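Let's take a walk through this structure together, one piece at a time. Have the view ready to rotate as you read.

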Amino acid sequence: MQDQVAMEGVPNPVSAETRVQPLVELTNISKAFGHVQALQGVNFCIFPGEVVGLVGDNGAGKSTLIKIICGAYRPDSGTITVDGQPVTFNSPRDAMALGIATVYQNLALVDQRNVADNVFLGREVERRLVLDKRRMLEEAAQVLRELRSDIPSVQVPVGLLSGGQRQAVAIARAIHQVAARLIIMDEPVAALGIEETRKVLRLIARLRDQGRAVIVISHNLEHVFSVADRIVVLRRGRLVGIRRKDQTTAAEIVRLIVGAEHL
Amino acid sequence: MQQDQPSCFDDSGVDEVLDELDGQTEEAWAGSVPRGGGGFLNAVGAALRRLLLLREISVLAATILLFVGLSLATPLFPDPENLLLVARQISILAIIAIGMTFLFIAREIDLSVGSTYGFLAVILGFLIAKWEVDPWVAVAITIILGACIGLSNGLITTLFGIPSFIVTLGMLSILRGAALLLSGGWPMLIRLAPDHSFLTVTAGRAFGIVPRQVFWMAELMIIAAFVLASTRFGAHVYATGGNEEAATLAGIPTKRVKVICFVITGALCGIAATLLMGQVRSGFPTTGTGFELDIIAAVVIGGTPLFGGAGSILGTLLGAAILGMITNGLVLLGASEHFEPVAKGAIIVGAIVVDTFIRRRRQ
């Protein structure tokens, strides 16, 4: 039953003949915390240039799943492959080395420092032991330009930016530092206004257009539908559905989330 | 596979809006491309930058105001010799305040600096006078010992997660007691030939004009300002104090950064003790009692916030200069010496009020 659901949902974004290799593939992943089975036999995959919306009720296992993908947790069982190669992540650093970056919910920015400093946080560029500020400013501006961000200057302290602009800085860091191929975003628009939300959703679409994969966790189905290509539903640690956005409805997703068909 | 049937949430409308928005953004980009390096900031960027600089500018304005005021009050004040005296009087304070600035930016504090300075002065005197160690070897031992005191402050703070306020308060007491025990309460007098290199390097005047203490203060401040503004370590100090969690997530070894700041402070106390020894040729066990408050005052008046993530060496220099000018000015004006702490305290509170006001306005 579980396998069927998984198979049914595996997409083929290019064509039926040439099966594209998933960027990241998780097979039969289980993870327990004490007596709580957070994840049980979950299969998940994501392809380059694809946005996957990860939805589910509180405690469904969304956070556990992304923490396994980004290397923060190790699964009890199951395999992870990146580019078809089996991998073991001992820390987020290992995942980052393979181009998997997480944009944290609190954004992890230093408010007092400027945009460029934040984009290069922890990976400052040096030339003969001196910070190459010029290069950092130029490269940060370049990345933000590619993201079509409306940040007026990379010399502005991040604390003075709007929520959407801060999101752009956090994403720019993930792209630039990690050369991220997969970007995981946990509730990226939860704290944003309507206009800012649109900008961030647009940003996610742009990341996809650049050929990157994006996993978006959101409680807001409207946002998920507006940006995701595929929607993955978890319930009580199990994978209960994978749907292409254009082949499902919000009502169906809600049913999957709450498990109404079992009632 | 195409979007033939509209989904429940028809997002085409959203996309249109987004496209439109995108167009606007592109226009905005065409008009005001953010530039790096020495490029041209647009008006917004420049205005924000000016606001950011306001902190240092207000400190500079206060320094100039005080200077002009005192010059008008007494013609003795702007005399070059008097100004060099003020510079010499603040130099030891400013040298230790460099370390305190690093700590404040990293959101830590060291209350033991006054005791460390006094303890190291006794140690240096002890080594030269009692053990007859070569003065330069004694200086090296003193500075290394200072660094070790900073190391232990830093390790206890970071490894056990105890607030540095408490750890260094304990160290303050320990070292003051140790200085008194070691010296038996008596000053450690040293006798050196007047032309000994130790004395010509730590006392007298550089180029026949600048007091040696001022010369060393300037050297150290230039180095420290460079380290903070233009090195990776400096960037890590700011990031650690600004948002420790973010810095850790970004792979910055925040605990190591903090420990290094404590070590720098301890080593600077050793350098300060060395300069004092050159000047007075004796180490008093009570040296530096209450000095930590003057040092913290200089840092705070200089605009380095108590909450980390910002601040500068230039600000600390100006803060020390303000303190020095007040002390000197009150003497020249013939005010009671007991008035000095009152004036200093008022300035500290005033500086914090101004700082808070600026912070509010920025938000």
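In chain A, 6 strands (DSSP runs of E, at least two residues, numbered from the N terminus) make up an open sheet with mixed pairing, in the order β6-β9-β10-β3-β11-β12. Strands pair when DSSP finds at least two bridges between them. At the edges stand β6 (100–103) and β12 (238–244) of chain A, each with a single partner strand, so one side of each has no neighbour in the sheet. From one strand to the next, the twist averages 20 degrees.

This is a predicted model, where local features need pLDDT of at least 70 and side-chain atom pairs count only at pLDDT 80 or more, while totals for chains, interfaces and linings use all residues. Residues are numbered from 1 along each chain as its sequence is written, and chains are lettered from A and ligands numbered from 1 in the order in which they are written.

Now look at β3 (residues 51–56) of chain A, which runs parallel to β10 (residues 213–217) of chain A and is joined to it by 4 bridges. Here Val51(A) stands opposite Val214(A) in β10(A).

Turn next to chain B, with its 14 helices and 4 strands; helices are DSSP runs of H or I, at least four residues. Of its 363 residues, 45% count as buried, meaning that 20 or more other C-beta atoms, placed from the backbone, lie within 10 Å of the residue's own. Helix α3(B) is mostly covered, with 19 of its 26 residues buried. After α3(B) comes Arg107(B), whose phi is positive, near 65 degrees.

Terms used: Buried ≥ 20, exposed ≤ 12 C-beta atoms within 10 Å, placed from the backbone. Axes fitted to C-alpha atoms, helices over the stretch in contact; angles between N-to-C directions.
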